[in-house]
Amino acid sequence: MTDEILMGELTSALSCQSGMKIHINYAEKLPGGDINETFKLNTDSGLLFLKMNDARSYPDMFEREFMGLEAIYATNTLAVPRPLATGRSGGKVFLVTEFIEKGGANPDFWENFAAGLSRMHRHTQAHFGLPQANYIGTIKQYNTPYTNWSVFYAFNRLQPLTRVAYDRQVIDKQMVTQMEGLWRQLPQIFPDEPPALLHGDLWSGNFMVGPDGRARVYDPAVYYGNREMDLAMARLFGGFDTRFYYTYQSMFPLAHEWQQRISICQLYPLMVHLLLFGGSYYNSVKEVLDTF
């Protein structure tokens, strides 16, 4: 991180993309970060947050994340760290955003969080998907546009991961057959709903309490999809208060029998985690498939 060329590239990208001259005083490496290297940048314009990864493995990952943060930021619904710059230096790709200091939650934290999500989900377009692929974690996420959610979910979410999992011998032929059977049932399972702008990876590790006592979300895997995906993801690993779900439902009620579709919506993130971490996620995937 002390590399002068990299620091120069960061300074140049920040100054160019933000429209004002920014000087980096020093960088402090942050703990954690299973996927990316992360740093707190002290600059003459305040604190900034930096993520870096290997440009050969993920050449466009941060470019796509930058676009996702911009998409959410533009809605003025859920708060995100404002994206400032992205680029490449040598063998690294990087993303710079504003640095968010942790705060204490307001009494209405969960209600406010849910209200913001419900407003974001009202942003729509004609097709499910996006013009380009992006990432969920380090897994490529395909977003080929379709007008039908069931077709989109089968062809862009479940099918690609099933193929990769089978090729890696993470799942067997029987599970592939079960997946194929579920894909054929999807049109009878999901009701028609317009596409909603989704965070795409909404679990408790991807939000924090900001200095104003309200939620900040980050690390999005944005696309236009069925809004039940965000709610099912939030339920998968816990960490969301019941007030969050109650408020969302009161402001933007989910379609009839949404409870029966939770596990199907969770199948995609479970497949992602199966590919990334293996282990117990195989049984979690099988448990969902065995009910159909």
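Seven bridges join strand 2 to strand 3 (residues 46-54), and the two strands run antiparallel. They form a hairpin, with two residues between them. This is a predicted model, and local features are taken from residues with pLDDT of at least 70. Within the hairpin, Glu37 stands opposite Met52 of strand 3, and Phe39 stands opposite Leu50 of strand 3.

Strand 2 also has a partner in strand 1 (residues 24-29), to which five bridges join it, again in antiparallel fashion. Here Phe39 of strand 2 is the bridge partner of Lys29. Phe39 therefore has a bridge partner in Lys29 and a residue opposite it in strand 3, Leu50. Because five of the seven residues of strand 2 (residues 37-43) are buried, this strand is largely enclosed by the rest of the structure.

Strand 3 is joined in turn to strand 5 (residues 92-98) by seven bridges, and this pair is antiparallel as well. One of the pairings involves Asp54, whose bridge partner in strand 5 is Lys92.

The next element to consider is helix 2 (residues 61-75). Its 15 residues reach 22 Å from the first C-alpha to the last, close to the 21 Å expected at 1.5 Å a residue. Its buried residues are Met61, Phe62, Arg64, Glu65, Phe66, Gly68, Leu69, Ile72 and Thr75. The list includes the charged residues Arg64 and Glu65. After helix 2 comes Asn76, whose phi is positive, near 55°.

Helix 4 can be read in the same way. At its start, a side-chain oxygen of Asn148 reaches to within 2.9 Å of the backbone nitrogen of Ser150. The 19 residues of helix 4 (residues 149-167) should span 27 Å at 1.5 Å a residue, and the end C-alpha atoms are 26 Å apart, which agrees. The helix nevertheless has a kink of about 35° at Leu158, shortly before the proline Pro160. Just after helix 4, Gln169 takes a positive phi of about 60°.

Which residues of helix 4 are buried? They are Trp149, Ser150, Phe152, Tyr153, Ala154, Asn156, Arg157, Leu158, Pro160, Leu161, Thr162 and Ala165. Leu158, where the kink lies, and Pro160 are both in this group. An α-helix has 3.6 residues a turn, so residues three or four places apart point the same way. The buried residues of helix 4 pack against strand 7 (139-141), helix 5 (173-189), strand 11 (223-225), helix 6 (228-236) and helix 8 (262-277).

Tyr153 of helix 4 leads on to the nonpolar interior. The largest nonpolar core has 77 residues, and those touching the most other members are Phe113, Tyr153, Phe240, Phe244, Leu267 and Val285. Helix 8 gives the most to this core, with ten residues. Val285 touches Met175, Met179, Leu267, Leu270, Met271 and Leu274, leaving out residues up to four places away in sequence. Apart from this core lies another, of 15 residues, among them Met7, Ala13, Leu14 and Phe94.

The last region is the loop between strand 8 and strand 9, where His199 lies. Is His199 buried or exposed? With a relative accessible area of 0%, His199 is buried, because the cut-off for burial is under 20%. Not counting residues up to four places away in sequence, His199 touches Ile72, Met120, Asn206, Val217, Tyr218, Asp219, Pro220, Ala221, Val222 and Asp230. Among these, Ile72 is one of the buried residues of helix 2.

Asn206 has its place in the loop between strand 8 (196-198) and strand 9 (207-209). Its relative accessible area is 3%, so Asn206 is buried. Beyond its neighbours within four places in sequence, Asn206 is in contact with His199, Asp201, Arg216, Val217, Tyr218 and Asp219. The side chain of Asn206 reaches the backbone oxygen of Asp201 at 2.8 Å. By contrast, Asn206 and Ile264, which are 58 residues apart in sequence, are 22 Å apart in space, C-alpha to C-alpha.

Note on methods
Residues are numbered from 1 along each chain as its sequence is written. This is a predicted model: local features need pLDDT of at least 70, side-chain atom pairs count only at pLDDT 80 or more; totals for chains, interfaces and linings use all residues. Side-chain values use heavy atoms; hydrogens and water are left out. Helices (H or I, at least four residues) and strands (E, at least two) are DSSP runs, numbered from the N terminus. The expected span of a helix is 1.5 Å times one less than its number of residues. The bend at a residue is the angle between axes fitted to the seven residues ending there and the seven starting there. Buried means under 20% relative accessible area, exposed over 50%, partly exposed in between (1.4 Å probe, protein chains only). Contact means heavy atoms within 4.5 Å. A polar contact is a pair of N or O atoms within 3.5 Å; within protein, one must be able to donate a hydrogen and the other to accept it, and residues adjacent in sequence count only if both atoms are side-chain atoms. Two strands pair if DSSP finds at least two bridges between them. A nonpolar core is a set of buried Ala, Val, Leu, Ile, Met, Phe, Trp, Tyr and Cys residues joined through side-chain atoms within 4.5 Å.
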